[in-house]
Amino acid sequence: MISFAKHTAHLISWIPEGHDEVMYLSTQAFMEAGKPIRGGVPICWPWFGSLENKPAHGFARINSWNTISENSFSLPEQLIQDEWGNKASLVFTVTEDGNKLKMELTTTNLDSSEFEFTQALHTYFKVSDINKVSIKGHDKQAYYDKVLDDNDIQKGTLIFNGETDRIYTTTASSLLIDPGLQREILITKKGSNSTVIWNPGPEKSVEMKDMPDDGYLTMCCVEAANTHLDPVTLQPGASHTIVQEITVSKF
Ligand SMILES: O=P(O)(O)OC[C@H]1O[C@H](O)[C@H](O)[C@@H](O)[C@@H]1O
């Protein structure tokens with residue numbers, strides 16, 4: 001079963017039949033218009049990260065969307081033009097199939113000149129204990145470490161040891177292994193050459209008003225993205241779709 005926050009395309013819960021909740025949603029999340037929701041799948045668009053005097057991660061995650069059908073939404077085109085200055089359409093569609101969830105975000109250039117954008121499906125996964133989970137799939141891949149402001153290469157399996165904020169340059173899948181919840185989550189994607197892996201760690205968790213002090217212990221983000229390292233350029237009339245597919249298995 002999938003649930004969305006009211007008037008938005010923000011998925012806040014996914015409970016596949018026979019499984020437990022897959023998404024993390026902070027017990028202190030702000031569930032009000034104009035504020036981002038700490039959990040589920042915020043849609044970062046048309047920029048990922050911060051821009052001076054603009055909302056962090058873009059305006060798509062803090063505005064109302066139109067409903068196309070039960071699991072499909074569009075961001076009003078007038079809002080896009082007013083907030084961004086470019087003519088574009090943005091459609092988000094979610095499909096559930098047993099233990100699989102597919103999320104697709106399509107941007108179409110309705111303008112007469114090309115534009116560039118960045119984005120992320122900023123998925124928050126619920127985990128048993130951040131100190132016990134691991135992520136496979138990124139061995140030997142290059143990443144930008146935002147915490148250290150440095151570039152590095154992943155060695156083996158990723159384990160969390162304090163604040164983690166990395167952009168892996170990759171099209172590969174990630175496998176989140178959670179011994180406490182006895183499940184594996186396979187995260188595959190298309191149309192994305194950046195995978196962002198984020199956990200705020202204890203200090204940042206205390207600083208965030210919309211997360212309990214120990215909130216970092218039970219969440220981790222694995223985000224299909226196009227960041228500043230792989231922005232998308234769209235010609236007039238062209239479309240781009242970023243897809244993130246999640247498969248949950250018990251062990
Ligand atoms: O607090 P937010 O604006 O929701 O951002 C939460 C996080 O999003 C991404 O994962 C970024 O890589 C992080 O640097 C950022 O802290």
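1. Pairing around E18. Strand E18 and strand E19 (residues 219–226) run antiparallel and are held by five bridges. Look for Ile-197 sitting across from Val-222 of E19. There is a second partner too: strand E15 (residues 164–169) is joined to E18 by six bridges, again antiparallel. Here Arg-166 has Ile-197 of E18 as its bridge partner.

2. How far to trust it. This is a predicted model, so keep that in mind throughout. The protein's average pLDDT is 98, and 100% of the residues reach at least 70. For the complex, the predictor reports an ipTM of 0.99 and a pTM of 0.98.

3. E18 is worth a closer look. All six of its residues (194–199) are buried, so the strand is largely enclosed by the rest of the structure. In a regular strand, side chains alternate between the two faces of the sheet. In E18, Ser-194, Val-196 and Trp-198 point one way, while Thr-195, Ile-197 and Asn-199 point the other, and all are buried.

4. Ile-197 keeps turning up. Apart from residues within four places in sequence, Ile-197 contacts Ile-135, Leu-158, Thr-164, Arg-166, Tyr-168, Cys-221 and Val-222. Two of these have been mentioned already: Arg-166 is its bridge partner, and Val-222 is the residue opposite in E19.

5. The nonpolar core. The largest one contains 60 residues, and Ile-197 is among those with the most contacts inside it, along with Met-23, Ile-43, Leu-121, Phe-125 and Cys-220. E19 supplies the largest share of this core, with six residues.

6. The ligand shell. What surrounds the ligand? Pro-36, Ala-56, His-57, Lys-146, Asp-165, Val-196, Trp-198 and Cys-221 do. By type, the shell splits into five nonpolar residues, one polar and two charged. Val-196 and Trp-198 of this shell point the same way from E18. Cys-221, also in the shell, is one of the contacts of Ile-197.

7. The nine-stranded sheet. It is open and antiparallel, and its strands come in the order E4-E5-E6-E7-E21-E17-E16-E11-E14. Strand E4 (66–69) and strand E14 (158–159) are the edges, each pairing on one side only. At the E4 end, three bridges link E4 to strand E5 (residues 72–75), in the antiparallel sense. Thr-67 faces Phe-73 of E5 in that pairing.

8. Glu-77. This residue belongs to helix H1 (residues 77–84). Is Glu-77 buried or partly exposed? It is partly exposed, because it has 15 C-beta neighbours inside 10 Å, and 20 would be needed for a residue to be buried. Leaving out residues up to four places away in sequence, Glu-77 touches Lys-87 and Ser-89. Its C-alpha atom is 42 Å from that of Thr-157, which is 80 residues away along the chain.

9. Asp-210. You will find it in the loop that runs between helix H2 (201–207) and E19. Asp-210 also counts as partly exposed, since 16 other C-beta atoms lie within 10 Å. Which residues does Asp-210 touch, not counting those up to four places away in sequence? They are Ser-26, Gln-28, Ala-29, Phe-30 and Arg-38. For Phe-30, the C-alpha atoms are separated by 6.4 Å, even though Asp-210 and Phe-30 are 180 residues apart along the chain.

Notes:
Residues are numbered from 1 along each chain as its sequence is written. A residue is buried if 20 or more other C-beta atoms lie within 10 Å of its own, exposed if 12 or fewer, and partly exposed in between; C-beta atoms are placed from the backbone. Helices (H or I, at least four residues) and strands (E, at least two) are DSSP runs, numbered from the N terminus. Two strands pair if DSSP finds at least two bridges between them. Two residues are in contact if their C-beta atoms, placed from the backbone, lie within 7 Å. pLDDT is the predictor's confidence in each residue, from 0 to 100. A residue is near a molecule or strand if its C-beta atom, placed from the backbone, lies within 6 Å of it. Ala, Val, Leu, Ile, Met, Phe, Trp, Tyr, Cys and Pro count as nonpolar, Asp, Glu, Lys and Arg as charged, and the others, Gly among them, as polar. A nonpolar core is a set of buried Ala, Val, Leu, Ile, Met, Phe, Trp, Tyr and Cys residues joined through C-beta atoms within 7 Å.
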